[in-house]
Amino acid sequence: MGDHGIECSAKPNSPNLFLQFTENPDGTITRPFVPQIPPSDLIDRADVRSRDIPLNSSLKTSLRLYVPSSSLQKLPIILFFHGGGFILFNSSSAPYHFFCEQMAQSLSALVLSLDYRLAPDHRLPAAYDDALEAILWLRTQAAADSSARDSWLASHADFDRVFIAGSSSGANMAFHAAIRIADLDLQPLKIAGVLLNQPYLGGQERTKSEDDSENDVILPLRTSDMMWRLALPLGADRDHEYSNPAAAMCVSKISKIRARCLIKGRRGDPLIDRQRQFVKVMEAAGVRVVVQLEEEGIHAIELFDPAAAEAFFVTVKEFINA
């Protein structure tokens, strides 16, 4: 980073989107192009229907709902937070739109993908605030008469089986959301589980997997450092509890998580050592965890490898049905 806090893309032609950012003198960033996919509700014979609904118009947040077209029954709800290091993607970004379509179909679930505010325009805890608002919106829907609910939720939602889920930075959001709701009365909404897929974590002292990641194809070390610098509150370092809960968050706070948690990691992920530390702290806090950290694979592999995505959904379905 230069003296003026400006760091331009080191590899403007790199296939890695996170190496295509430009930091501007005013503190904003110029993001790379990512294809945007419209919802499918108007597409005839779509296997999964989707549509967008506003969450908070003043903050420009929204939810994209996905439901299998063939479903005639009540479905578990998965409130999903996408990845992107808190600085990239939205609910209509092609990688996550197609991922959520596949999730809805593979799991026979009603998926709600949150379009939350991004850093650095909106640094943390903005994304956490948006996640909590989405959960409270679901509680309002659950408490409403059927005639007052969103029509898709009225027809398909099983409010007794709600799962908070996320991938990468979205998994970080899901973890913090689980803590934030611990002292809230969400009735009649019932949180049945939390799904943390390759949670995005950090820290000042390097782990071995981070030290070995300078040339990682998805999450090289300089990219991870950049994202945390842009996402954390001004003046905070990577040992903040937002990025390093294993070191900075007291066990009594983590122990408030009531729902079962699935924690999924990959041995080829630069964050795997952080995730192992995180699991130890979760277990020490008495949180009920299902841990899967020993499979091979890179960070965010489910977005690139259909077989890995399908295997992931098998794991999630077993967790949901347990």
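This report describes a central sheet, the helices packed on it and two buried residues in a predicted model.

## The annotated domain

The UniProt record, an unreviewed entry, places the feature "domain: Alpha/beta hydrolase fold-3" at residues 78-301. Over this stretch the chain is 38% helix and 19% strand, and the C-alpha atoms at its two ends lie 20 Å apart.

## The sheet

Eight strands form an open sheet with mixed pairing, and their order across the sheet is E3-E4-E6-E5-E7-E8-E9-E10. Strand E3 (48-56) and strand E10 (289-295) stand at the edges, where each has a single partner strand, so one side of each is left without a neighbour in the sheet. From one strand to the next, the twist averages 20°.

Within this sheet, strand E5 (residues 75-81) pairs with E7 in the parallel sense, and seven bridges join the two strands. As part of the picture of these strands, Phe81 stands opposite Gly166 in E7.

## Helices on the sheet

Helix H1, which covers residues 94-107, packs on the sheet and touches E3, strand E4 (61-68), E5, strand E6 (110-115) and E7, while its direction makes about 40° with that of E4. Helix H9, which covers residues 272-284, also packs on the sheet, where it touches strand E8 (191-197), strand E9 (260-266) and E10, and its direction makes about 160° with that of E10.

## Ile164 in strand E7

Ile164 is found in strand E7, which spans residues 157-167. This residue counts as buried because its relative accessibility is 1%, and the cut-off for that label is under 20%. Leaving aside residues up to four places away in sequence, Ile164 touches a set of residues that includes Leu79, Phe81, Ile135, Ala174, Ile181 and Val194.

Separation along the chain and separation in space can be set side by side for one pair: Ile164 and Ser147 are 17 residues apart in sequence, and their C-alpha atoms are 25 Å apart in space.

## Gln198 after strand E8

Gln198 is found in the loop between E8 and helix H5 (208-211). With a relative accessibility of 2%, Gln198 also counts as buried. The side chain of Gln198 reaches the backbone nitrogen of Ala300 at 3.0 Å.

When residues up to four places away in sequence are not counted, the residues touched by Gln198 include Ser168, Lys264, Gly265, Arg266, Asp269 and Gln275, and also among them are Ile298, His299, Ala300, Ile301 and Glu302.

Terms used:
Residues numbered from 1 in each chain as written. Predicted model: local features only at pLDDT ≥ 70, side-chain atom pairs only at ≥ 80, totals over all residues. Heavy atoms only, no water. UniProt positions renumbered as here; feature names shortened; annotations may be inferred. Helix = DSSP H or I, 4+ residues; strand = E, 2+ residues; numbered from the N terminus. Buried < 20%, exposed > 50% of the residue type's maximum accessible area, 1.4 Å probe, protein only. Contact = heavy atoms within 4.5 Å. Pairing = 2+ DSSP bridges. Axes fitted to C-alpha atoms, helices over the stretch in contact; angles between N-to-C directions. Polar contact = N/O pair within 3.5 Å; in protein donor to acceptor, adjacent residues only side chain to side chain.
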